[in-house]
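Me: I'd like to go through this one and ask why things get the labels they do. Can you take me through it?

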Amino acid sequence: MRHASPGVRNSSDDQPATVDDGIHPAMQLSGLFKQFGDHVAVDHIDLTVPSGSFFGLVGPNGAGKTTSLSMAVGLLRPDGGSVRIFGHDVWSDPVAAKSLIGVLPDGMALPDRLTGREVLTYLGLLRGMSRETVAARVQELLEVLELDSAESTMVVDYSTGMRKKITLATALLHGPRLLILDEPFEAVDPVSAATIRTILQRFVAGGGSVVFSSHVMAVVERLCDHVAVIAKGRVEAAGSVDAVRGGRSLDEAFVHIVGAHTGGGEGLSWLAS
């Protein structure tokens, strides 16, 4: 049986019936708003992710990145605004929208008393994919992500890097057109990070789109062609990486855009020798 490598679509019956038409952006947030009590977490965000882009979402802690992404994938209902995935509204047309996305949320819980193969097989069958397609894709994902050597290891015994890779495999399994990843490189060892970067680059090269949040500007600068800076629930800057950084490093541009005070130059006199 022929099957495509991760990030490359084929014409299998297990593919979503509705695919992107090349006209709509991969993701469009319009007036997105979320409030928890008196705290406005996301303040009427407007953001467009072009189809085929590698899009970075950066911001200080508490800026609203995770809340925005949770609403974008349908895990958290917004108080206002809308989210469209290749033209399909996430809340009024959830089946069409969600069939096109793969998600790696922050702190994703897995059935960790199963092996990696069992987790992927279970989730593939839960999606209604055929057993033959699931078996072929699971085998390929385990090999590409270098998890096949841990065939008999339960997920509960995985390292942090292995858990990131198996959750990425769950996001890729059904052949999505858009990956939405919350901190995919956080606490990941350099070898696992390199594997994940390669998979994501192949996915985009094959026509997919990626949106991921990160605190590591060097990673965003290296991988992304577009970036948005979010602070206090608002988009402070968005566009191509070159346009947003304006001739500086992305680190320098980020500090300038969010108006952060880096500190560290005053006080703590007792640390001086």
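**Labels and reasons**

Reply: Sure, and keep in mind that this is a predicted model. Let's start with the second largest cavity, which is lined by Met27, Leu29, Leu47, Val49, Phe55, Leu57, Ser68, Leu69, Val211 and Ile230. Strand 1 (27–36), strand 2 (39–49), strand 3 (54–58) and helix 1 (65–72) each give two or more residues to that lining.

Me: What makes it a cavity rather than a pocket?

Reply: A 1.4 Å probe fits there but cannot get out, and that is what the word cavity stands for; a pocket is an open set. The space inside comes to about 40 Å³, and the structure has three cavities of 30 Å³ or more.

Me: How many residues in the lining of the second largest cavity are nonpolar, polar or charged?

Reply: Nine are nonpolar, one is polar and none is charged. Ser68 is on the lining list, and Ser counts as polar because it is in neither the nonpolar nor the charged set.

Me: And the largest pocket, what lines it?

Reply: There are 16 lining residues, with Ile101, Val103, Met108, Arg127 and Thr170 nearest the centre. The pocket holds about 390 Å³ of space. Strand 6 (101–104), helix 3 (116–126) and helix 5 (160–172) each supply at least two lining residues, and strand 6 has the largest share, with three. By class, the lining divides into 10 nonpolar, four polar and two charged residues.

Me: On to the rings. How many aromatic pairs are there?

Reply: Two.

Me: Why is the pair of Phe54 and Phe212 called edge-to-face?

Reply: The ring centres are 5.8 Å apart and the planes are at 80°. The cut-offs are centres within 6.5 Å for a pair and planes over 60 degrees apart for edge-to-face, so Phe54 and Phe212 pass as an edge-to-face pair. Phe54 is in strand 3 and Phe212 in strand 8 (residues 209–213), so this pair ties together parts 158 residues apart in sequence.

Me: Are Phe54 and Phe212 buried or exposed?

Reply: Both are buried, and buried means under 20% relative accessible area.

Me: Why is the pair of Phe185 and Phe212 edge-to-face?

Reply: Here the centres are 5.9 Å apart and the planes are at 80°, so the pair is edge-to-face. Phe185 is in the loop between strand 7 (178–182) and helix 6 (190–205), while Phe212 is in strand 8, 27 residues apart. Phe185 and Phe212 are both buried.

Me: What makes Phe54, Phe185 and Phe212 a cluster?

Reply: Ring pairs link Phe54, Phe185 and Phe212.

Key: Residues are numbered from 1 along each chain as its sequence is written. This is a predicted model: local features need pLDDT of at least 70, side-chain atom pairs count only at pLDDT 80 or more; totals for chains, interfaces and linings use all residues. Side-chain values use heavy atoms; hydrogens and water are left out. On a 1 Å grid over the protein atoms alone, a cavity is a set of points where a 1.4 Å probe fits but cannot get out, and a pocket is an open set with protein on both sides within 12 Å along at least five of seven lines; lining residues have an atom within 4 Å of a point. Grid points are joined across faces, edges and corners, and a volume is the space filled by probe spheres set on the points. Helices (H or I, at least four residues) and strands (E, at least two) are DSSP runs, numbered from the N terminus. Rings of Phe, Tyr and Trp (its six-membered ring) pair if their centres lie within 6.5 Å; planes under 30 degrees apart count as stacked, over 60 as edge-to-face and the rest as tilted. Buried means under 20% relative accessible area, exposed over 50%, partly exposed in between (1.4 Å probe, protein chains only).
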